[in-house]
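Q: I'm new to reading structures, and I'd like a close look at how the two copies sit together and what one copy looks like inside. Could you walk me through that?

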Protein chains: 2
Amino acid sequence: MNVSSDRRPIAVFDSGLGGLTVVRALRQRLPHEDIVYFGDTARVPYGSKTRETVLRFSRETCTFLQHMRPKCIVAACNTVSAICLSELESEMPVPVFGVVRPGARAAVEHGQTPDLIAVIATEATVASNAYQAAIHALDASRPVVQMACPLFVHLVEEGFSEHDPIVELAIERYLRSIVRLSPSSVVLGCTHYPMLRDALSAYLGDGVRLIDSGSCTAETVELRLKAMGALSSAETSGSLHFYVSDHPKRFQTIGSRFLGEPVLDVVRIRPEELSAVAPTIDPSLTRASA
Amino acid sequence: MNVSSDRRPIAVFDSGLGGLTVVRALRQRLPHEDIVYFGDTARVPYGSKTRETVLRFSRETCTFLQHMRPKCIVAACNTVSAICLSELESEMPVPVFGVVRPGARAAVEHGQTPDLIAVIATEATVASNAYQAAIHALDASRPVVQMACPLFVHLVEEGFSEHDPIVELAIERYLRSIVRLSPSSVVLGCTHYPMLRDALSAYLGDGVRLIDSGSCTAETVELRLKAMGALSSAETSGSLHFYVSDHPKRFQTIGSRFLGEPVLDVVRIRPEELSAVAPTIDPSLTRASA
């Protein structure tokens, strides 16, 4: 048993549901850690918004999450990680993890020059060039190609199965120019995309490795918490608490698919309450499960 | 020439781009009227949000639009019209028009019992039952069937052509159960849907009349302004001014397709400034055309 034990929760946030794939990866790797999650479902999606707007929303969210006294914050959203992570890192009193650098590292570790790395992501993430920059910071000679696939988020959020012909057609549309280039790996640069993993893999073929930034991030979080002596020594399963800015019931229903386990309890907190010194959370009024 | 002349603008708002199809219809019918438009692009879409959230956002928008001293306000968004129009009507000092009642009226006027009216719309509009209620208020014996088509908004916003195979597949998916019922008319219960008009019409066949709520609303606005003696007597083309809560450049680029004419000038106003007594609008800093 570990002598030091840090029972503070890990805070995770995303524009909506996508970050739950990161929570799933964290649960697999760190099953004893408590996790609090915030999904900004009143203002989703972030991927088509400007940097300034995404930064403002993220700051409000981090202010809220600070009330949970977390040991660290995970920006489980590629758009946030790509365009404003450094601001959040410098402003928050606890470590802030993004999903871009871990994903970039995993891509670089798989294969070598001149193997091509392809990154598929939202418009904002692609426009930010964050993955390319993170990959080149590790290996400046690795060729990178990026492709925005904006429809994927909507297909996943609207509950389309990855085996739906509409999804297959969308995959073919976005990836046909990528597949011709025979990349060694394709980075899933959006936390929704793991929900399409099997269909993407079937289209790209066995020779292409899919890099799930979420699970790479969970590994990074584990290593860092271990180095900090900040892992929990609890022997029971960690708790999960979910907060959303709108539509807790919808989050609960669709979220279970993302999380891979039931989303039992979702509390609503309005966007304008996020920055309040002491946000009003009245579970009895706002729980989706009530 | 009309003796009375009301040069105040018509204010129009929507969650994003869709309302521009209503502006297009207003321009055709009332070419001399000045129009100010607000698109809440920082918080789009509304169709998957709760009533409470949509009402709050709409109130903030109407507070902002009041600074333009409009002669009337058009909620060019079916979700807003369906779930919170009565609140806005009672709170605003000028007439507020929605798109649901005009669309329902046009549907009832076409055909008769037992002809079926089909309504296609967002999740929130369908869940509100607003079209069915508005149709039954006019003719309680008309059968109505409703279908939520959530992907349509995303396909249009992401710039997919209505002749794209993905769009055709989505139309077939949502409407195949509708087409079997041989409706006499299909109400386009979302202001994005007129962008898919030709493809919907091709799928549904010549025997089905498509009701565009936007153009029905323009007719209602014209009749009401005429009755109020509030039409403009200007002989020149009316001006157009656009405000959005995020991403003016994107609005400008995609918006021109919706409007059917160039979107020349778009000013950004942040969501938190909407409710300010005197919002800060600095065109030199925020114009997309700059």
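A: Let's start with how the copies relate. Turn chain B by 180 degrees, with 0.0 Å of shift along the axis, and chain B superposes on chain A with an RMSD of 0.0 Å. That is the relation of a two-fold axis. In chain B, the C-alpha that comes nearest the axis belongs to Arg43(B), at 2.4 Å. Both copies use the same surface, since 100% of the contact residues of chain B recur in chain A. Keep in mind that this is a predicted model.

Now for the place where the copies touch. Here 17 residues of chain B are in contact with 18 residues of chain A. On chain B's side, helix 7 (151-157) and helix 8 (165-179) each supply at least two residues. Helix 8 of chain B gives the most to that side, with five residues. Sort the side of chain B that touches chain A by class and you get seven nonpolar, five polar and five charged residues.

Next, step inside chain B and find its sheet. It's an open sheet of six strands in the order 4-3-1-2-9-10, with parallel pairing. Strand 4 (96-97) and strand 10 (266-268) of chain B stand at the edges with a single partner strand each, so one side of each has no neighbour in the sheet. For general background, strands of a sheet pair through backbone hydrogen bonds, either parallel or antiparallel. Take strand 9 (residues 240-244) and strand 10 of chain B as an example: they pair in the parallel sense over three bridges. Look there for Tyr243(B), which stands opposite Val267(B) in strand 10 of chain B.

Some helices lie across this part of chain B. Helix 2 of chain B lies across strand 1 (10-14), strand 2 (35-39) and strand 3 (72-75), running at about 150 degrees to strand 2. Helix 10 of chain B lies across strand 1, strand 3 and strand 4, and runs at about 165 degrees to strand 3.

Follow helix 2 of chain B, residues 51-66, and you'll meet Gln66(B). Gln66(B) counts as partly exposed because it has 14 C-beta neighbours inside 10 Å, while being buried takes 20 or more. Gln66(B) is also 8.5 Å from Met92(B), C-alpha to C-alpha, although the two are 26 residues apart in sequence.

For a contrast, try helix 4 (residues 100-109) of chain B, which is mostly covered: eight of its 10 residues are buried. Among them are Val100(B), Arg101(B), Pro102(B) and Gly103(B). The buried residues of this helix pack against helix 3 (78-91), strand 5 (117-121), helix 6 (130-138), strand 7 (185-189), strand 8 (209-212) and helix 10 (213-228) of chain B. Just after helix 4 of chain B, Gly111(B) takes a positive phi of about 80 degrees.

Finally, hop over to chain A to see its domains. The domain assignment gives domain 1 (10-98 + 216-286) and domain 2 (100-215) of chain A. Their centres, taken over C-alpha atoms, are 23 Å apart. Where these domains of chain A meet, 28 residues of domain 1 are in contact with 28 residues of domain 2. On domain 1's side of that contact, helix 1 (20-29), helix 3 (78-91), helix 10 (213-228) and helix 11 (248-259) of chain A each supply at least two residues. The residues on that side of domain 1 of chain A divide into 13 nonpolar, 12 polar and three charged.

Definitions and conventions
Residues are numbered from 1 along each chain as its sequence is written. Chains are lettered from A and ligands numbered from 1 in the order in which they are written. This is a predicted model: local features need pLDDT of at least 70, side-chain atom pairs count only at pLDDT 80 or more; totals for chains, interfaces and linings use all residues. Helices (H or I, at least four residues) and strands (E, at least two) are DSSP runs, numbered from the N terminus. A residue is buried if 20 or more other C-beta atoms lie within 10 Å of its own, exposed if 12 or fewer, and partly exposed in between; C-beta atoms are placed from the backbone. Domain bounds come from an automatic or database domain assignment. Two residues are in contact if their C-beta atoms, placed from the backbone, lie within 7 Å. Ala, Val, Leu, Ile, Met, Phe, Trp, Tyr, Cys and Pro count as nonpolar, Asp, Glu, Lys and Arg as charged, and the others, Gly among them, as polar. Copies are superposed by least squares on the C-alpha atoms of residues with pLDDT of at least 70 in both. Two strands pair if DSSP finds at least two bridges between them. Axes are lines fitted to C-alpha atoms, for helices over the stretch in contact, and angles run from 0 to 180 degrees between N-to-C directions.
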